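Here is a short tour for someone meeting this structure for the first time. Please keep the view open while reading.

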Amino acid sequence: MATEVTPKKPPDWKNLTDTVQDAESLRQESINAHHDHLITEIETSDGPLGTSLRAVYEGDELEKFKESLSDHIKNHDKEIERMCNYHYQGFIDSIRELLKVSCDAAQLKDEISDVNSHLQDSCEPLLTKGEELVKCRRVQRNIASAVENLTLCLPVLEMYGKLQEQMSSKRYYPALKTLEQLEHTYLPRVETHWFSQTMKEAIPKLRERIKDASMSDLKDFLESIRNFSARIGEIAMKHAAEQNNMDPAVAQSNKKLKTKRAPKPPNPFTGEIEKEGKEKSVIADSAADDMGELSAQDLIDFSPVYRCLHIYTVLGDREKFETYYRKQRRKQARLSLQPPSNMHESIENFKRYFHDIVGFFVVEDHILSTTQGLVNRAYMDELWEMSVSKLAASLRTSAALCKESEMMLDIKKLIVLFCHTLRGYGFSVGHLLELLLEMRDQYSDILTRQWVDIFNEIFNEDNYTPIYVESVEEYTAIVTQFPFQDEELEQEKDYYRSKETFPKRFPFSLFVPNIYTQVKAYINACLKFSADLHLSHTEIDDMIRKSTNLLLTRTLGSCLSSLIKRRDLTLLQLIQIAINMNYLEKSCSYLEEYISSITGAQSDSVHMARLHGTSMFKDSRSDAEEHIYSKLNTKISEFIELANYDWSLPESKGHASGYITDLVAFLQSTFMSFTNLPEKVAKTSCMSACKHVATSLMNFLMDNNVRQVSMGALQQFNLDLIQCEQFAATAPVPGIRDGTLLMAFADIRQLLDLFLNWDWSIYLADYGQPTSKYIRVKPSDAISLLEKLNNTDNKKKNLFAALKKGERDKKKLIDTVLKQLRGLVNGTASI
């Protein structure tokens with residue numbers, strides 16, 4: 001490595017060092033000048049020193065600045081010391097002069113104190129008199145001011161005292177006037193006094209107390225009017241009844257309303273309970289003596305309403321009062337419209353209910369006519385519509401629980417009077433009249449249920465025998481009760497009246513005039529409900545005819561049907577019932593005339609509904625006739641059940657069986673009672689009886705339980721049949737043609753003749769011919785009876801070992817006949 005060579009200094013190095021030293025001295029001088037400048041600014045500046053101090057601390061020469069600052073301080077201290085030394089002698093001289101003045105001031109002070117003492121002593125009496133004079137002047141000024149203020153305050157206090165007195169005596173409206181004068185006239189004169197402000201603050205409270213007090217009276221009025229509405233309504237309905245020519249007793253309640261009053265409420269201003277004086281009550285005291293002389297409006301003191309309305313109007317709260325009044329009255333209306341739970345139990349409950357509602361609307365109508373805007377017609381109409389709907393619903397519910405027609409009539413009269421009463425006050429009652437039409441149907445249903453018992457009682461008490469009268473009076477009583485016309489009986493009545501040979505007999509039993517009378521009573525009961533409904537004669541006639549039709553077809557028809565189906569009825573009773581139906585059927589025309597006569601409708605009107613009783617009685621008569629046929633056949637069956645044939649009888653007894661003789665006697669006596677029945681019914685009954693006897697006799701022969709029949713038994717059976725044929729030939733009922741009843745026994749007669757005459761050759765030869773002698777004999781019946789006869793012969797064969805030749809021939813003939821008969825049966829079957 002090469003050795004490092006130390007560089008040599010340039011030749012001008014010394015000049016450069018001198019230059020640097022000169023620059024350093026210049027910088028120091030600049031810094032010192034800067035510090036001096038800052039110190040000068042700090043000494044001379046009157047404003048903030050923030051800028052100067054910031055310049056001091058921003059540089060790097062803080063210590064040097066401090067040294068410069070210390071040098072300046074020292075220089076100033078030296079100048080101060082030099083100045084103090086210069087002025088010190090003058091200060092000493094001033095102090096000496098001041099000490100001399102202090103002695104003179106002390107002497108002057110003493111002299112002034114002496115003068116002041118003498119002055120105070122001499123002025124003391126004068127000051128005393130002056131103070132007394134000032135006090136007197138002040139008292140005199142206060143007295144004058146007091147007199148002046150009392151002159152202003154006394155009217156205010158007197159007015160306030162008057163206000164308190166009026167409020168204590170419940171004179172609300174004068175108290176309100178006094179309060180207004182006090183507020184606007186008197187209090188402004190004394191507004192500088194403290195009590196003026198107190199009174200001003202109390203005035204709104206006094207107004208509220210007046211409002212509350214008048215409202216309290218109104219509430220008492222509303223409570224009282226709620227308790228007395230029923231009495232008011234009773235008087236109003238009584239007057240309406242007199243005006244509409246109705247019985248006032250409809251509106252009068254039998255129970256006297258207890259009008260016990262509650263104790264009077266305390267005075268709302270004083271809190272004291274006042275004694276009852278001669279104040280006017282809600283219901284006038286004179287009304288208790290003779291309420292009939294007063295109108296409903298005369299019974300009520302409406303002053304609480306007028307007073308409260310006027311007070312609220314003056315105070316600017318009329319709308320609030322109207323809203324409150326209507327709201328409370330709506331609540332009371334709902335209470336009035338709420339019926340008692342047991343209203344249907346007594347008509348008095350209905351009266352109380354109607355009285356309460358009428359009383360409510362009478363009060364509201366009076367309020368409407370005597371106040372301006374408290375209630376209006378729209379409010380009344382709305383309230384009435386609500387009331388009508390609830391009233392109708394309540395009446396429907398309560399009336400539906402009524403079970404007595406008389407009570408329904410009383411309710412109807414009350415509703416009619418209710419409508420008359422409220423129509424007089426301008427209310428629409430059309431819906432209530434429609435309700436009456438609904439109630440009329442219910443009334444008809446109640447009557448119908450009552451007449452069911454009446455009809456059944458008539459049926460139970462009737463003896464089902466023709467009516468016997470023993471005198472003209474009894475005869476007249478029957479024909480007056482029931483429109484019976486019989487020329488023969490009338491002639492007999494005149495004849496026997498002269499001969500005095502009663503009794504005579506009507507063809508019907510007692511229940512005919514009783515039923516007719518009760519139907520008329522039902523018609524009259526229906527007419528009672530239709531009265532006062534403002535219906536035309538035609539409408540009333542139509543309603544009564546519809547109700548009567550329901551009574552006849554549904555009620556009486558059902559009762560008759562039940563009667564006819566009773567098992568305890570005898571045949572004669574059924575016959576009498578059928579006869580009765582015939583006369584009741586004829587009486588329907590008289591019922592139609594009766595309805596027209598009591599309703600005033602024209603009997604020949606094309607729109608008039610006809611009574612359906614004729615067809616109902618026809619149906620009942622047909623039902624009775626069917627039961628007659630059935631009962632007759634049942635009785636015949638009872639006789640036939642007594643038959644006891646000996647089918648192995650060797651020969652007949654020579655006379656008819658006892659049961660047949662009794663049966664014929666029964667039929668003869670029975671058909672004698674058919675004389676009053678229609679001819680068709682009598683003939684049908686007789687034909688049915690004969691057919692039933694013939695069928696029963698045929699059943700005896702064809703009974704499968706009878707295995708053997710002897711010729712002697714057939715001969716005895718023939719004697720019984722002859723007895724029946726003889727009865728049929730006698731024509732037991734009029735109008736039957738000869739031979740008609742005998743046709744019922746033709747089948748069994750031909751069958752017996754075939755066996756008794758043993759005409760098998762004729763029967764077999766003529767079988768199927770229209771002119772056949774035994775055309776009614778069926779081969780099957782002949783086979784059955786012939787087999788039973790053959791069984792008897794076979795039994796005899798077993799008893800006797802040897803048979804006669806004639807019997808063998810007969811047996812052979814029977815077998816041949818049976819074979820041919822079976823061929824006929826098979827041929828018929830194949831066909």
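Which residue lies over the face of Tyr594? Lys520 does, at 4.7 Å from the ring centre. Tyr583 has a partner of this kind too: the charged end of Lys586 sits over its ring, 5.2 Å from the centre. Keep in mind that this is a predicted model.

**Overall build**

The protein has 831 residues, and 39% of them count as buried. It contains 24 helices and two strands. Its exposed surface comes to about 48,500 Å², of which carbon and sulfur atoms supply 52%. Take the contacts between residues at least 6 apart in sequence: 79% of these join residues at least 24 apart.

**The cores**

The largest nonpolar core holds 188 residues. Phe350, Phe418, Phe459, Leu697, Leu701 and Phe745 have the most contacts inside it. A second core is separate and has 20 residues, including Cys153, Met159, Met199 and Ile311.

Leu701 deserves a look of its own. Beyond its neighbours within four places in sequence, Leu701 is in contact with Trp647, Leu714, Phe717, Ile748, Leu751, Leu752, Leu785 and Lys788.

**Aromatic rings**

The count of aromatic pairs comes to 35. One of them joins Trp451 and Tyr522 in an edge-to-face arrangement, with 5.6 Å centre to centre and 75° between the planes. Why does this pair tie together separate parts of the sequence? Trp451 belongs to helix α11 (residues 430–461) and Tyr522 to helix α14 (residues 511–530), so the pair links parts that are 71 residues apart in sequence. Trp451 is buried, at 7% relative accessibility. Tyr522 is buried as well, at 0%.

Ring pairs also build a cluster. Its members are Tyr353, Phe354, Phe360, Phe361, Trp384, Phe418 and Phe427. Phe418 appears again here, having been listed among the residues with the most contacts inside the largest core.

**Helix α20**

Helix α20 covers residues 711–729. At 1.5 Å a residue, its 19 residues should span 27 Å; the end C-alpha atoms are 26 Å apart, so the two values agree. Many names appear on its buried list, among them Gly712, Ala713, Leu714, Gln716 and Phe717. Leu714 and Phe717 are also contacts of Leu701. After α20 comes Ala731, whose phi is positive, near 50°.

Asn718 lies in α20. Is Asn718 buried or exposed? Its relative accessible area is 13%, under the 20% cut-off, so Asn718 is buried. Not counting residues up to four places away in sequence, Asn718 touches Arg749, Leu752 and Leu756. Leu752 is a contact of Leu701 too.

**Helix α22**

Leu764 is placed in helix α22 (residues 760–766). With neighbours within four places left aside, Leu764 is in contact with Gln820, Leu821 and Leu824. Leu764 and Leu824 are 60 residues apart along the chain, yet their C-alpha atoms are separated by 9.0 Å.

The table sets out the accessibility of four residues discussed above.

| Residue | Relative accessibility | Class |
|---|---|---|
| Trp451 | 7% | buried |
| Tyr522 | 0% | buried |
| Asn718 | 13% | buried |
| Leu764 | 23% | partly exposed |

Note on methods:
Residues are numbered from 1 along each chain as its sequence is written. This is a predicted model: local features need pLDDT of at least 70, side-chain atom pairs count only at pLDDT 80 or more; totals for chains, interfaces and linings use all residues. Side-chain values use heavy atoms; hydrogens and water are left out. A nonpolar core is a set of buried Ala, Val, Leu, Ile, Met, Phe, Trp, Tyr and Cys residues joined through side-chain atoms within 4.5 Å. Buried means under 20% relative accessible area, exposed over 50%, partly exposed in between (1.4 Å probe, protein chains only). Contact means heavy atoms within 4.5 Å. Helices (H or I, at least four residues) and strands (E, at least two) are DSSP runs, numbered from the N terminus. Accessible areas come from the Shrake-Rupley method with a 1.4 Å probe; for residues, only the protein chains shown count as cover. Rings of Phe, Tyr and Trp (its six-membered ring) pair if their centres lie within 6.5 Å; planes under 30 degrees apart count as stacked, over 60 as edge-to-face and the rest as tilted. A charge sits over a ring if NZ of Lys or CZ of Arg is within 6 Å of the ring centre and within 35 degrees of the ring normal. The expected span of a helix is 1.5 Å times one less than its number of residues.
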